[in-house]
Every structure is written in C-alpha cells, then in structure tokens.
Amino acid sequence: AAAAAEQQLTELLGGLQALAQGTKAAGAGVEALAFEKDDDENFHIDFITAAANLRAANYHIPQAPRHKCKMIAGRIIPAIATTTASVTGLVMLELYKLLQKKPIEKMRNGNFDIGTNTYMMFEPNPPKQLRGGKVTHFDPQSGQEYEETIIMFPEPQTKYDKIWVEGASELTLGQVLEALKEKTQGLEAVSVGVVLPGEDEEGKPKARNIYMDVQQATRKNLTRKVTELLEECGHRLAGKRLTDALQINFVNDDGDDVQVAPVVLKF
C-alpha cells in the first residue's frame, strides 16, 4: 500500500511539473487571486476546507465542516458582534410575543442599517395562498401546450399548512394512513415514500417507496410500525419529536391526484 501511494504521488508531481512547463511555454502567467469567502463560485472556501481536512486526517485531529472553515478563514467575529447580534435581538423580541400568545397582528418584520443606526419595523405580508384550478404547461419536446387541473387540500393552502399525526411512535403505517384519510376528508393514499438522508448526484433529495397500492409486495409494510420503516431508511429518530420524512400521494374518489399539505408525524 505504501509503495502504491508513493507511486501515485510521484505520478502526480510529474504531471504538475509538465503542466507548469506547458503553461510557461505558452506564455501564460500565474497571478495571485484575491480571497473572497462569500463567492461560492470561486471555490476558495471549498479548497480551504479540503486542504485543512486532509491535513487534519494526516495528523488524526478533528476535522471541520465547511461553514466552520469559512468562519475561521473569513474572520467574521466583528460581523457576529454587530449584524448577527442585531438580527438575533429582533428575532428574540418576536419569540417573546409567541410565548406571551400575542395575536398575529402584533408580529413584526424588521429592516435595519447598521451604518446609519436605522431600524424600521412593519407588519409582515400575509403568506401566499395557493389555489387549485386549471394550469397551462408548455411541452418543449412536442412544442404544444396542455392543461392540467390542480386539486389542493386544504384550499387555499399556504406554506405554513401542515397535517399532523399525533402519537406516531405507536402507530403502524396502515394506522397512519387511516388517520390521514380522516384528516383529509376521505382522500386515499396510493403511495408512500421516505425521503432519504443526503442528496443524489444532481443535488436533489433521494426517496424510497415503502408502499404502493398497486404493488402487492409493499402491502406488508402497512402492518409495520412507521418508526421502524423510517429507521430502515436511515433516519435516526432517537430524541426526535417531529418528522416530515414521509412523501404521500393522495387521490380523491374520482382518482384525481390531490396536492396535500406536508404530513408531519409527532412522536
């Protein structure tokens, strides 16, 4: 193993020397770049994170996540002491209102300018409401437009709408679906997926199907505890009180797809 590693290092150094000679022969120069921590497209923080963690691995010391490397490299302690502290203070004022059960009309958004010491508080806009109806889409492959009917539950729906299932730690998947049928006024769950930890190669969330009404093999999961199914998919539930890892597709009595608010399991 050591000989193979030494051979790889020798080949890498040889390649770098050839690259340097080719660059010099082409008349290209090398100049220093200005460090910028807030531009993710320049990969400065990515390089610092990779180099620091490689060195940490060599000396068996704890490695640091990217955001910690960015904090150290950027020396953002002055910013923490000003802007972040101001934002935290304003957030805490709103949290006090929540603890005191103040009406929603008492909540405020805030803008401020540290340079001029100016603060402005104002009522937040209401959340955007989503409604069903006919939506026109364009298919780039056929070059034609087509209509789709969107059905939502509840309607109107905002990003704050959730469907809660209490006591999920003691429920089977079938019992969860029965509870959801009651909460959604009779909508049927035709498939259930679990969002997996991590992302795929395209940076999108991964999921695994644990139930489909047309697949006989998945119906055995209806009698299993939902917590057991989640843990099999890589979710660590110890100490957790909530999870929204289930992705459930619903249909109405006519067989039409219904866009239902996110389902949250409460343990």
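Q: Which is Val-226, buried or exposed?
A: Buried means under 20% relative accessible area, exposed means over 50%, and partly exposed lies in between (1.4 Å probe, protein chains only). The relative accessible area of Val-226 is 1%. Val-226 is therefore buried.

Q: What kind of model is this, and what pLDDT do side-chain atom pairs need?
A: Residues are numbered from 1 along each chain as its sequence is written, and side-chain values use heavy atoms, with hydrogens and water left out. The model is predicted: totals for chains, interfaces and linings use all residues, local features need pLDDT of at least 70, and side-chain atom pairs count only at pLDDT 80 or more.

Q: Which helix holds Val-226?
A: Helices are DSSP runs of H or I with at least four residues, strands are runs of E with at least two, and both are numbered from the N terminus. Val-226 falls in one of these helices, α6.

Q: Which residues does Val-226 contact, leaving aside neighbours within four places in sequence?
A: Contact means heavy atoms within 4.5 Å. By that test, the partners of Val-226 are Ala-168, Leu-171, Thr-172, Leu-173, Val-176, Leu-246 and Leu-265.

Q: How far apart in space are Val-226 and Ala-50?
A: In sequence, 176 residues separate Val-226 from Ala-50. In space, C-alpha to C-alpha, the separation is 38 Å.

Q: Which residues of α5 are buried?
A: Helix α5 spans residues 173-183. Its buried residues are Leu-173, Gly-174, Val-176, Leu-177 and Leu-180.

Q: Why do these buried residues lie on the same side of α5?
A: The arc is taken from the directions that run from the helix axis to the C-beta atoms. The buried residues share a side of α5 because they cover an arc of only 155 degrees.

Q: Which residues are exposed on the other side of α5?
A: The buried residues of α5 pack against β6 (163-165), β7, β8, α6 (226-232), β10 and β12 (263-266). The other side carries two exposed glutamates, Glu-178 and Glu-182.

Q: In what order do the strands of the open sheet run?
A: Two strands pair if DSSP finds at least two bridges between them. The sheet has five strands and its pairing is mixed. The edge strands, each paired on one side only, are β5 (152-153) and β8 (205-212). The full order is β5-β11-β10-β7-β8.

Q: What angle does α5 make with β7?
A: Helix α5 packs on the sheet and touches β5, β7, β8 and β10 (246-251). Axes are lines fitted to C-alpha atoms, for helices over the stretch in contact, and angles run from 0 to 180 degrees between N-to-C directions. For α5 and β7 the angle is about 115 degrees.

Q: How many bridges join β7 to β10?
A: Strand β7 (residues 188-199) also pairs with β8, in the antiparallel sense, over seven bridges. In that pairing Val-195 stands opposite Ala-207. In β10, Ile-248 stands opposite Val-192. Strands β7 and β10 run antiparallel, and their bridges number six.

Q: Which residue takes a positive phi in the hairpin of β7 and β8?
A: Five residues lie between the two strands. The positive phi, near 80 degrees, belongs to Gly-203.

Q: Which residues does Thr-218 touch, not counting residues up to four places away in sequence?
A: Thr-218 lies in the loop between β8 and α6. Its relative accessibility is 12%, so Thr-218 counts as buried. The residues touched are Ile-210, Tyr-211 and Met-212.

Q: What length does α2 reach from its first C-alpha to its last?
A: Helix α2 (residues 44-58) has 15 residues. The expected span of a helix is 1.5 Å times one less than its number of residues. For α2 the expected value is 21 Å, and the reach is close to this, at 21 Å.

Q: Which helix do the buried residues of α2 pack against?
A: In α2, the buried residues are His-44, Ile-45, Thr-49, Asn-53 and Ala-56. They cover an arc of only 145 degrees around the axis, so they sit on the same side of α2. The face turned away carries exposed Phe-47, Leu-54, Arg-55 and Asn-58. The packing partner of the buried residues is α3 (66-74).

Q: How many disulfides does the structure have?
A: A disulfide is a pair of cysteine sulfur atoms within 2.5 Å. Cys-69 is buried, at 7% relative accessible area. Cys-233 is buried too, at 7%. The search of the whole structure gives a disulfide count of zero.
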